[in-house]
Amino acid sequence: MMASGNQTELYLSEQVVVLCTCALSFLGSSLIILTHIIWTDLRTTPRRLLVFLSVTDWLSAVSYAFGVWSVFRTDSPECVAQGAISTFANTSSFFWTVSIAVYLYVFIVRSSQRVADSLVLLFHLVSWGVPLIITVTAVCLNKIGYDASEVSVGWCWVRIHAPDRVLWMLLTGKIWEFLAYLTLPVLYILIKRHIHKAHMALSEYRPILANRPPSQSFSSMADVKLTLIPIIFIVLRIWSTVRFILLLADSPVRQNPVLVTLHGIGNTSQGAANCVMFVLFTQPIRSRLCTALCCCCSKCRAEAQRSDGTPQRHQARQDSSTQREEEEDTSRVQTDR
């Protein structure tokens with residue numbers, strides 16, 4: 001990777017890495033959406049919210065991949081379109097991530113499913129409406145375009161020549177990213193504390209068992225997820241924040257190849273991370289996926305065996321028919337004699 005002035009030129013290897021993570025997020029988001037469509041009995045409100053988050057991650061992966069693949073050099077219409085879609089999807093992803101945390105907090109800590117469910121409409125209005133208004137405004141004011149990978153990794157975002165580009169970088173992503181850094185850890189820590197207190201209160205009224213019951217293993221997995229959700233979000237997103245801060249400081253370190261690669265991986269891996277957390281590490285869905293894969297493999301083997309066995313059975317019938325004809329001919333010859 002080379003830095004020429006304010007332009008960061010990407011190596012092919014960096015583009016390949018980012019495209020691979022985009023493909024993983026595309027597949028992961030698609031799997032979350034498909035499992036929600038196929039298995040209707042698993043359509044709880046939190047999983048519906050997760051599907052909306054996966055839609056934004058799916059759009060982000062597709063738009064980022066298009067930008068990295070195209071290697072834009074000017075404010076072309078394709079660059080503006082890609083920048084607008086990725087801006088909307090990325091900002092909406094922040095809102096949906098926080099919305100899921102708020103829903104779980106109200107549902108678990110406040111113990112009010114009715115209030116939590118009533119917030120879903122507000123989540124839609126905010127998580128779709130605010131990013132749409134910001135993106136449309138930015139496009140109309142000619143703020144979206146080629147940014148020379150200053151705080152991106154090949155895709156288009158806020159135009160590099162915009163005089164107020166820092167302000168629009170904040171409005172189109174960074175300010176919501178900072179708020180998510182503050183909100184997510186606080187909400188999930190409060191949820192974990194509430195769950196731990198509930199378990200401690202419950203343990204006073206039940207005997208201590210020698211073997212851990214299955215429900216405790218499920219609760220421990222839920223506890224691990226509640227810990228990992230904000231940590232994974234911050235680990236994935238922190239690299240873009242670091243590059244943004246280095247841009248404000250006018251530091252050339254923002255063009256460091258390792259930092260640029262980590263930024264590209266982090267911004268495009270949210271869909272894949274959610275798939276691992278909420279599909280592969282969720283026992284009911286993992287079991288159904290394994291069952292479905294086993295059924296598909298069994299059907300394929302059965303069809304292969306039938307296709308292989310049909311010629312053999314046909315040949316066996318021909319051999320049997322030929323043998324009967326020969327026996328009939330032999331009996332007729334003996335009769336004639």
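Cys 22 is a good place to start in this predicted model: with a relative accessibility of 2%, Cys 22 counts as buried, because buried means under 20%. Does Cys 22 have a bonding partner, or is its sulfur too far from any other? The closest cysteine sulfur belongs to Cys 20 and lies 9.2 Å away, so the two are too far apart for a bond.

Cys 297 makes a useful contrast in surroundings. Its relative accessible area is 39%, so Cys 297 counts as partly exposed.

Now let's turn to the cysteines that do pair up. A disulfide is a covalent bond between the sulfur atoms of two cysteines. How many does the structure hold? There is one disulfide, and it joins Cys 79 to Cys 156, with 1.9 Å from S to S. This pair ties together distant parts of the chain, 77 residues apart: Cys 79 sits in helix α3 (residues 77-109), while Cys 156 belongs to the loop between β3 (144-145) and β4 (157-158). The link between Cys 79 and Cys 156 is left-handed, with -120° about the S-S bond. Both Cys 79 and Cys 156 are buried.

Finally, have a look at Ser 25, which is found in helix α1 (residues 12-38). Its relative accessibility is 1%, so Ser 25 counts as buried. What surrounds Ser 25, once neighbours within four places in sequence are left aside? Ser 25 is in contact with Ala 61, and also with Thr 268, Ser 269, Gln 270, Gly 271 and Ala 272. With Ala 272 there is a further detail to find: a polar atom of the Ser 25 side chain lies 3.3 Å from the backbone nitrogen of Ala 272.

How values were computed
Residues numbered from 1 in each chain as written. Predicted model: local features only at pLDDT ≥ 70, side-chain atom pairs only at ≥ 80, totals over all residues. Heavy atoms only, no water. Helix = DSSP H or I, 4+ residues; strand = E, 2+ residues; numbered from the N terminus. Buried < 20%, exposed > 50% of the residue type's maximum accessible area, 1.4 Å probe, protein only. Polar contact = N/O pair within 3.5 Å; in protein donor to acceptor, adjacent residues only side chain to side chain. Contact = heavy atoms within 4.5 Å. Disulfide = S-S within 2.5 Å.
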